[in-house]
Amino acid sequence: MSNILVTGSNGQVGSELQALSKDYDYNFYFTTKESLDINDEKAIEEFVNKNSIDTIINPAAYTAVDKAEDDKQNADKVNHLAVKNLAKIAQAKDIKLIHISTDYVFDGKNYKPYNEDDITNPNGVYGATKLAGEIAMLGINPQNSIIIRTSWVYSSFGANFVKTMLRLGKERDELGVIFDQVGTPTYARDLAKAILDIVADIKNTKVEIYNYSNEGVLSWYDFAKEIMRMAKIECNINPIETSQYPTPATRPHYSLLNKAKIKNDFGIIVPYWKDSLDECLGVMGERR
């Protein structure tokens with residue numbers, strides 16, 4: 001039976017992995033930055049040895065995109081250096097490593113869905129540090145390991161766009177939401193399930209990169225409209241341009257991810273974004 005270490009288990013993906021863990025015949029070790037410092041190589045090695053870990057799932061990340069612009073050192077520690085530590089341990093101990101990355105490694109100037117081998121060009125510190133983590137892992141190259149890039153993650157756990165829209169929609173009569181950034185949301189539970197479904201089948205000699213998000217294409221404006229519709233919240237959503245809502249970090253205008261590779265290699269079925277939103281709102285008790 002596999003012994004699986006999950007880092008960042010109080011985040012959105014980590015929390016969903018915990019929620020789903022009862023359905024899978026693995027021994028899980030869920031850790032947070034308080035219980036296991038993944039910037040401490042010795043601590044990781046001791047934990048791995050003590051618990052006979054054979055698989056690491058790493059959703060831990062510094063995800064405060066705007067804050068990262070002024071906090072590069074801490075973003076780099078979590079998104080880059082910690083990944084390097086985990087990859088070194090995985091390589092040395094012959095451990096499978098599944099690392100979660102992001103669409104922010106791209107600049108968002110594409111006109112068709114991004115493939116895994118498309119040229120990366122992050123706009124800001126968050127994307128740059130996540131890319132540095134990818135590069136470190138690819139260079140160390142632990143066997144039977146993968147990187148999964150995802151986008152627009154939401155869940156019934158943690159802070160996210162869906163929860164923000166539900167809260168603001170109940171507080172206000174109208175909201176302005178950006179319509180010129182296009183991509184696909186990812187329900188963290190779907191991503192967590194995909195990871196647990198494929199973990200036993202990951203067998204490769206070099207680190208492979210995969211894309212994963214829900215199916216479909218939409219803007220943040222479309223997403224907000226559907227949240228209000230499903231939750232039956234009377235709030236008028238107005239489309240606004242990115243230029244009307246300036247932020248410290250530049251967001252990708254286009255971050256659609258091509259999921260053909262993960263579907264072909266592992267035979268998984270990726271849910272449509274509206275179906276997943278419906279499910280998440282149901283879990284939250286917000287579906288009307």
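In this predicted model, the side chains of Arg-251 and Asp-66 come together in a salt bridge, with 2.6 Å from N to O. The two partners sit in distant parts of the chain, 185 residues apart: Arg-251 belongs to the loop between strand 12 (236-240) and helix 8, and Asp-66 to the loop between strand 3 (55-58) and helix 3 (72-93). Asp-66 is partly exposed, at a relative accessible area of 23%.

That pair has company, as a search of the whole structure turns up 16 salt bridges. Another one joins Glu-16 to Arg-189, where the closest N and O atoms are 2.6 Å apart. Here too, distant parts of the chain are linked, since Glu-16 is in helix 1 and Arg-189 in helix 6, 173 residues away. Glu-16 has 0% relative accessibility and so counts as buried. Arg-189, at 19%, also counts as buried, because the cut-off for that label is under 20%.

Glu-208 and Lys-261 make a further salt bridge, their closest N and O atoms lying 2.8 Å apart. Glu-208 is part of strand 10 (residues 208-211) and Lys-261 is part of helix 8, so this pair ties together parts that are 53 residues apart in sequence. With 24% relative accessibility, Lys-261 counts as partly exposed. Then there is a network of salt bridges that links Lys-170, Glu-286 and Arg-288.

Now for the nonpolar side of things. In soluble globular proteins, nonpolar side chains tend to be buried together. The largest nonpolar core in this model has 27 residues, and the members that touch the most others are Ile-57, Ile-98, Ile-148, Tyr-212 and Ile-268. At least two residues apiece come from strand 1 (3-6), helix 1 (12-20), strand 4 (96-102), strand 5 (146-150), helix 6 (188-198) and helix 8 (260-266). Helix 6 is the top contributor, giving seven residues.

Helix 6, which also carries Arg-189, has nine of its 11 residues buried, so the rest of the structure largely encloses it. Charged residues are on the buried list alongside nonpolar ones: Ala-188, Arg-189, Asp-190, Leu-191, Ala-192, Ala-194, Ile-195, Leu-196 and Ile-198.

Two of these helix 6 residues, Ile-195 and Leu-196, turn up again among the contacts of Ile-57. Leaving aside residues up to four places away in sequence, Ile-57 also touches Ile-4, Leu-5, Val-6, Thr-7, Leu-17 and Ile-98. A second core, separate from this one, holds 26 residues, including Leu-168, Ala-224, Met-228 and Leu-281.

Terms used. Residues numbered from 1 in each chain as written. Predicted model: local features only at pLDDT ≥ 70, side-chain atom pairs only at ≥ 80, totals over all residues. Heavy atoms only, no water. Core = buried A, V, L, I, M, F, W, Y, C linked by side-chain atoms within 4.5 Å. Buried < 20%, exposed > 50% of the residue type's maximum accessible area, 1.4 Å probe, protein only. Helix = DSSP H or I, 4+ residues; strand = E, 2+ residues; numbered from the N terminus. Contact = heavy atoms within 4.5 Å. Salt bridge = Lys/Arg side-chain N within 4 Å of Asp/Glu carboxyl O.
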